[in-house]
Amino acid sequence: MDYKLIMVPSVTYAIKGRDLLKKINVPSQVQRTPKVSRTSSCGYSLLVAEKDIHRAREYLEQSGVNVLGIADRNGV
């Protein structure tokens, strides 16, 4: 299965996002964002299956989580 990273501005948003996604049955993991992909100083992301990425991003944004962008798992 392929995975993507949903980049968020802090570890707090990452943990909140993980808990929100669990409510809609979208598995995710909090991870450090690879340095290549970082757009902020904190550098945390949610690892989500590529098949769920659009649904997850939309739900997070509707729930008040500031999504900085989407990155490939390898940081490129």
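Mentor: Let's start with a cut-off: a residue is buried under 20% relative accessible area, exposed over 50%, and partly exposed in between. Keep in mind that this is a predicted model.

Trainee: Okay, so what is the relative accessible area of Ile-15, and which class does that give?

Mentor: Ile-15 comes out at 35%, so it is partly exposed. You'll find Ile-15 in helix H1, residues 11-23.

Trainee: And is Thr-33 buried or exposed?

Mentor: Buried, because its relative accessibility is 3%. Thr-33 sits in the loop between strand E2 (28-32) and strand E3 (44-49). A polar atom of the Thr-33 side chain lies 3.3 Å from the backbone oxygen of Tyr-44.

Trainee: How far apart in space are Ile-15 and Gln-31?

Mentor: Go C-alpha to C-alpha and you get 10.0 Å, with their positions 16 residues apart in sequence.

Trainee: Now the sheet. What is the strand order?

Mentor: Read it as E2-E3-E1-E4: an open sheet of four strands, paired antiparallel. E2 and strand E4 (69-72) are the edge strands, each pairing on one side only. On average, neighbouring strands here are turned by 35° against each other, direction ignored.

Trainee: How many bridges join E1 and E4?

Mentor: Four, in the antiparallel sense, with E1 covering residues 3-8. One pair to look up: Lys-4 has Asp-72 in E4 as its bridge partner.

Trainee: Which strands do the helices lie across?

Mentor: H1 lies across E1, E2 and E3, at about 25° to E3. Helix H2 (residues 53-62) lies across E1, E3 and E4, running at about 15° to E1.

Terms used
Residues are numbered from 1 along each chain as its sequence is written. This is a predicted model: local features need pLDDT of at least 70, side-chain atom pairs count only at pLDDT 80 or more; totals for chains, interfaces and linings use all residues. Side-chain values use heavy atoms; hydrogens and water are left out. Helices (H or I, at least four residues) and strands (E, at least two) are DSSP runs, numbered from the N terminus. Buried means under 20% relative accessible area, exposed over 50%, partly exposed in between (1.4 Å probe, protein chains only). A polar contact is a pair of N or O atoms within 3.5 Å; within protein, one must be able to donate a hydrogen and the other to accept it, and residues adjacent in sequence count only if both atoms are side-chain atoms. Two strands pair if DSSP finds at least two bridges between them. Axes are lines fitted to C-alpha atoms, for helices over the stretch in contact, and angles run from 0 to 180 degrees between N-to-C directions. Contact means heavy atoms within 4.5 Å.
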